[in-house]
Amino acid sequence: MKYVSTRGAWRGAPQPFSAILLEGLAPDGGLAVPLAYPRLTRDELAALRPLSYPELASAILARFADDIAHADLDDLVRLTYTRARFGSSDITPLTTLEPGVHLLHLSNGPTLAFKDIALSLLGNLFEHALRGERLNILGATSGDTGSSAEYAMLGKQGIAVYMLSPRGRMSAFQQAQMYSLDAPNIHNLAIEGTFDECQDIVKVLAGDAAFKRRHALGAVNSINWARIAAQVVYYFKGYFAATRSDDERVAFAVPSGNFGNVLAGHVAREMGLPVQRLVVATNENDVLHEFFASGRYRPRVAAETHATSSPSMDISKASNFERYMFDMAGRDADVLAALWRDLRAGGSFDIAGTSVATRVRASGFVSGRSTHADRIATIRDVKRRYDVLVDPHTADGLHVARAHREPGVPMICLETAQPAKFAATIREALAIDPPRPNVFEGLESRPQHCTVLPADADAVATFVRDHDVSG
Ligand SMILES: *Cc1c(COP(=O)(O)O)cnc(C)c1O
C-alpha cells in the first residue's frame with residue numbers, strides 16, 4: 001500500500017506507510033491518501049466476522065501498514081486494545097436502544113472519548129517507528145483530541161507534546177483533564193482564540209519545512225492517516241455486531257467536526273463494507289450539512305464559529321473533508337486542486353451540476369444538524385424511553401439519525417463521548433449529575449498547568465524552540 005497527496009505530490013513516487021505515519025501532510029499542503037483502497041472480496045469479509053477486536057484491527061491495519069512487520073503490528077495492536085484500557089474485551093461494544101437502532105460505544109477508553117481508539121494505537125505506533133529518535137508532536141484540540149493524545153503519549157520515550165487548545169471554550173471536565181496532567185513531556189498551550197485558529201497555527205508551523213525539520217515535528221491531528229485507518233476498524237466491528245449476514249446493509253450516524261470519524265466510515269464502505277448510508281450530523285456549526293444539502297462548501301472564519309454545548313464539533317473548516325473530496329473528484333488531484341483554488345480565491349466552491357456532485361450523491365452520505373434545544377430534548381427522550389444517558393455529541397447524532405431511518409436498515413449511532421465529560425449539559429437536561437469513573441473524582445480541583453499564548457504562530461514557534469530540549 002502506497003500513498004499519494006490529494007493535491008498531486010508524490011504522484012511519481014508514492015510513499016510507504018512509514019513515511020506518512022508521523023504526520024499525513026504532504027509537501028504541497030495536501031493530505032496523504034492511499035493510491036487505491038484495498039477491496040475485500042466476499043470471502044475476505046466473511047473471514048473477518050468472527051474475529052476479536054485486536055484480530056480485526058490487525059487484519060485491517062495490515063492492509064494500510066504493510067511495511068510494518070505483521071508480527072510487530074500484532075504486538076502493537078494487542079498492547080493497545082486491552083480490556084484494562086477500554087473496559088471490555090469488545091473494546092467497542094454495541095447496545096440496542098430499540099430494534100434497528102443501536103449505539104456503538106466508542107468512548108470507553110482512558111479519556112472517555114472516541115479519540116482514544118486511534119490515539120492509543122498512535123502512541124504505540126510512534127514509539128515503535130521512532131526507534132529512539134525524538135519527536136515533537138504539535139497539535140490542536142477542540143477538547144477531546146488533546147487529552148486523548150496526551151494520555152497516549154504520557155511517558156513515551158523521546159516524544160514531547162505541544163497541544164494548542166482554545167482558551168475557555170472547552171467543558172470544565174475537558175479542560176481539567178488536559179491541564180491537570182503534570183509531566184515533563186506534555187505542554188498545554190491555551191490559545192486566545194478558536195479551535196480553527198489553533199488548527200491554522202499548527203498548519204503554518206508544520207508547513208515551514210525548516211522549522212519542522214529542526215524540531216522533528218509530527219502530528220496527531222485528525223489529518224494523520226494512521227488515525228483514520230485505526231477508526232476504520234470499529235465500522236467493521238459495529239457492522240458485524242448489528243447484523244447476522246454479510247448480505248445486510250446498515251447505516252451509521254456520526255457526530256462530525258473535523259470529518260475524521262465519518263471519513264473512516266467512507267473508507268470502510270470503499271473497502272466493501274455493506275454501508276447503505278453515512279449520516280453526517282453537525283451542530284450549529286453546520287458547514288458540512290450545508291455542503292451535503294446544497295453542493296456549496298463555504299468554511300466559516302473563526303468569528304463565525306459558534307461555541308456550543310457539543311464543543312468537540314465546533315469546527316468550521318473540516319481538515320479531512322479534503323480526503324473525501326479527492327475521491328469525489330474522481331481521485332484526480334488536478335480537479336481537487338482547482339476546487340481548493342476556488343476556495344482560497346472566493347472563500348467557497350460549488351459543485352452543483354458537475355460530475356463531482358454525481359459522485360457525492362452515489363457516496364451514501366446524507367446530513368443534518370441539531371440545535372442546543374434538539375440535543376437537550378434528545379438527552380431527555382433517550383433517558384425516558386430507554387433509561388440510557390448520552391452526551392450532547394452522541395445526542396446530536398441520534399437526533400439527526402432519526403430523520404434518516406430507512407425500513408430494514410439498522411441505524412448504528414456512534415457514541416463519541418461519555419456524559420461525564422459534559423456534566424453541565426446533562427444537569428440542564430435532566431437535573432442530575434452524570435456518573436463519573438472513580439479515577440476522575442475531584443478532577444476539576446486538581447492543580448492545572450498551561451501556558452496562555454495569543455493566537456499567533458510566532459508565539460507558538462518561540463515556545464516550541466525554548467522547550468525542545470534536544471533541538
Ligand atoms: C472529535 C469529536 C467529534 C468529531 O469527530 P471528527 O472526527 O472531528 O468529525 C465528535 N464528538 C466527540 C465527542 C469528539 O471528541
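## Salt bridge R436–E444

R436 and E444 join their side chains in a salt bridge, with 2.9 Å from N to O. R436 has a relative accessibility of 23% and counts as partly exposed. E444, at 35%, is also classed as partly exposed. The model is a predicted one, and the structure holds 23 salt bridges.

## The network around R385

Salt bridges with shared partners connect E98, D381, R384, R385 and R402 into one network. Side chains of opposite charge can pair when their charged atoms come close.

Within this network, R385 pairs with E98, and the closest N and O atoms of the two are 3.9 Å apart. This pair links distant parts of the chain: R385 belongs to helix α17 (residues 372-386) and E98 to strand β4 (residues 94-98), with a separation of 287 residues. The cut-off for a salt bridge is 4 Å, so the 3.9 Å of the R385–E98 pair falls within it.

R385 also forms a salt bridge with D381, at 2.9 Å from N to O. Here both residues lie in helix α17, four residues apart, or about one turn of the helix. Burial varies among these residues. D381 has a relative accessible area of 12% and is therefore buried, the limit for that class being under 20%. R385 is partly exposed at 44% relative accessibility, and E98 is partly exposed with a relative accessible area of 29%.

## Packing of α4 and α6

Two packed helices are described by the angle between their axes and the distance between the axes. For helix α4 (residues 70-80) and helix α6 (residues 115-130), the angle is about 140° and the axes are 9 Å apart. Angles over 145 degrees would count as roughly antiparallel, so α4 and α6 are oblique to each other. Their crossing is right-handed.

On the α4 side, the contact is made by D72, L73, L76, V77, L79 and T80. On the α6 side, S120, L121, N124, L125 and H128 take part. Sorted by class, the contact of α4 with α6 comprises six nonpolar, four polar and one charged residues.

## Buried residues of α20

Which residues of helix α20 (residues 457-467) are buried? They are A457, A459, V460, A461, F463 and V464.

The cover over the buried residues of α20 includes strands and helices. Among the strands are β6 (135-140), β7 (159-166), β8 (186-192) and β16 (451-454). The helices include α9 (195-206) and α10 (209-214).

Conventions
Residues numbered from 1 in each chain as written. Predicted model: local features only at pLDDT ≥ 70, side-chain atom pairs only at ≥ 80, totals over all residues. Heavy atoms only, no water. Buried < 20%, exposed > 50% of the residue type's maximum accessible area, 1.4 Å probe, protein only. Helix = DSSP H or I, 4+ residues; strand = E, 2+ residues; numbered from the N terminus. Contact = heavy atoms within 4.5 Å. Axes fitted to C-alpha atoms, helices over the stretch in contact; angles between N-to-C directions. Parallel < 35°, antiparallel > 145°, perpendicular 65-115°, else oblique. Left-handed = near helix turned anticlockwise from the far one by under 90°. Nonpolar A, V, L, I, M, F, W, Y, C, P; charged D, E, K, R; others polar.
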